[in-house]
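Please read these numbered points with the model open beside you. They are meant to be checked one at a time.

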Amino acid sequence: MVVNKDASGIRMRIGNKWVYMNEEAVKNHPGGAVIEQYRNSDATHIFHAFHEGSSKAYKQVELLKKNGEHDEKLERELEKRLDKGDVNVSVYDITVEQEKKMVESFERLRQKLHDDGLMTANETYFIFKSLSTLSIMAFAFYLQYLGWYMTSACVLALAWQQFGWLTHEFCHQQPTKNRPLNDTVSLFFGNFLQGFSRDWWKDKHNTHHAATNVIDHDGDIDLAPLFAFIPGDLTKYKATVEKAILQIIPYQHLYFTAMLPMLRFSWTSQSVQWVFNENNMEYKVYKKNAFWEQATIIGHWAWVFYQLFLLPSWPIRIAYFLISQLGGGFLIAHVVTFNHNSVDKYPADSRILNNFAALQILTTRNMTPSPFIDWLWGGLNYQIEHHLFPTMPRCNLNRCMKYVKEWCAENNLPYLVDDYFVGYNLNLQQLKNMAELVQAKAA
């Protein structure tokens, strides 16, 4: 990586200028740590992707650009970055000249989508989605009241999955251009109703969007010690317990599916740890949000345990808890593990970070759409379109697909879309590739 102008701040390119943010400005960034991912890289289109509709953010970046500069030396250093391929690790081989044309072409696509109204918020749609999802949760409670306990648990699992998609959309500022309102609703849907911390999710998920499948950046591909997706993961097995787990990695493609229901336990436990550490975090936004983050997570578990208390016996309580929690975990996990795990990763210092559109397209796989899948998956079957335009309302992603397919064809980029079991088998193949590598090293 290129040496920073000042180790306590960051430099990144916005448009045709390199801008500098000192340490204080970085720590005060409303989005938290995600801004660090584009240190010494082109952040132009990721800025547009995250800040769509925020006049405040655009004013701030224009102020930064007034003090920006052209840095030919830094540009040349960036152009020298060469990727090294490995098992499940691809090489970014688009030339600098091709890259510049692609970036300009993508900006034209972005403007066209604006002109055609696909980036316009649809508040009526999200009011309907919110009410219908609240109705699913209310139905789960009603079934419990009637004594249909196990059916109630299954419906609650579905409600938690659907609230996952809604929280995701409010956190991405899709429903309205009123960001404080979106953030408040996501706190209620995410923390209180679902048990996933909004701030924890934003930190994890926005980083994933900013550097999708980029090693040492995207935490979603770092699943060690239970799974290893790339050779670099094998260096992380140092503790005695981790070394013991390494012995089962040759079978990871066989037990991966059985672990999907555990996702909700993982995410809720990470959320609890996060919110009770927010007061001590270095980013101002997390300290500011700490009280309400903590209060709403406590509120979530209060109503969950009260609901269990109302059940007639301990065996029913345990069964209800496991069915709802594991079911909710599976319904989310079978979606979120499809789109990126099945595609190759890129080295930490890859020049692909300078080509936002190529990064998202080369690291993402869509699931074949249908009205049912569009509903069940919360629009995340249009993952390519969502990653390119994360503030685009879910209801416009199907229309956007046509534009993106044409753009990919014009720019000689693949457009990956497969039926579920095709994509899932490719996911398992990535795990099997690493399993075979571990076996080979042990032989």
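1. In this predicted model, the buried residues of helix α19 pack against three helices and two strands that can be looked up one by one: α10 (240-246), α11 (252-259), α14 (314-336), β3 (366-367) and β4 (417-418). The buried residues themselves are Tyr420, Gly423, Tyr424, Asn427, Leu428, Gln430, Leu431, Met434, Ala435, Leu437 and Val438.

2. How far apart should the ends of α19 be at 1.5 Å a residue? Helix α19 covers residues 420-442, which is 23 residues, so the expected span is 33 Å. The end C-alpha atoms are 33 Å apart, in agreement with that value.

3. Gln429 also belongs to α19, but is not in the list of point 1. Is Gln429 buried, partly exposed or exposed? Its relative accessibility is 36%, and because buried means under 20% and exposed means over 50%, Gln429 counts as partly exposed. The C-alpha atom of Gln429 is 7.8 Å from that of Ser342, although the two residues are 87 places apart along the chain.

4. The unreviewed UniProt entry lists residues 291-312 and 318-338 under "transmembrane region". In the model, residues 291-312 are 86% helix and 0% strand, with 34 Å between the end C-alpha atoms. For residues 318-338 the figures are 90% helix and 0% strand, and the end C-alpha atoms are 30 Å apart.

5. The domain assignment divides the protein chain into domain 1 (1-79) and domain 2 (88-442). The C-alpha centres of these domains are 26 Å apart. Contacts between them involve 28 residues of domain 1 and 31 residues of domain 2. About 2600 Å² of area is buried between the two domains, and carbon and sulfur atoms give 55% of this area. On the domain 1 side, the residues that lose the most area to domain 2 are Gln37, His45 and Glu52; together they make up 27% of what that side buries.

6. Arg13 lies in strand β1, which runs over residues 10-14. Is this arginine, Arg13, buried or exposed? Arg13 counts as buried because its relative accessibility is 11%, and the cut-off for buried is under 20%. The side chains of Arg13 and Asp42 are joined by a polar contact of 3.1 Å. Beyond its neighbours within four places in sequence, Arg13 is in contact with Trp18, Ser41, Asp42, Ala43, Thr44, Glu75 and Asn354.

Technical notes:
Residues numbered from 1 in each chain as written. Predicted model: local features only at pLDDT ≥ 70, side-chain atom pairs only at ≥ 80, totals over all residues. Heavy atoms only, no water. UniProt positions renumbered as here; feature names shortened; annotations may be inferred. Helix = DSSP H or I, 4+ residues; strand = E, 2+ residues; numbered from the N terminus. Expected span 1.5 Å × (residues − 1). Buried < 20%, exposed > 50% of the residue type's maximum accessible area, 1.4 Å probe, protein only. Contact = heavy atoms within 4.5 Å. Polar contact = N/O pair within 3.5 Å; in protein donor to acceptor, adjacent residues only side chain to side chain. Domains from an automatic or database assignment. Buried area = accessible area lost by both parts, 1.4 Å probe.
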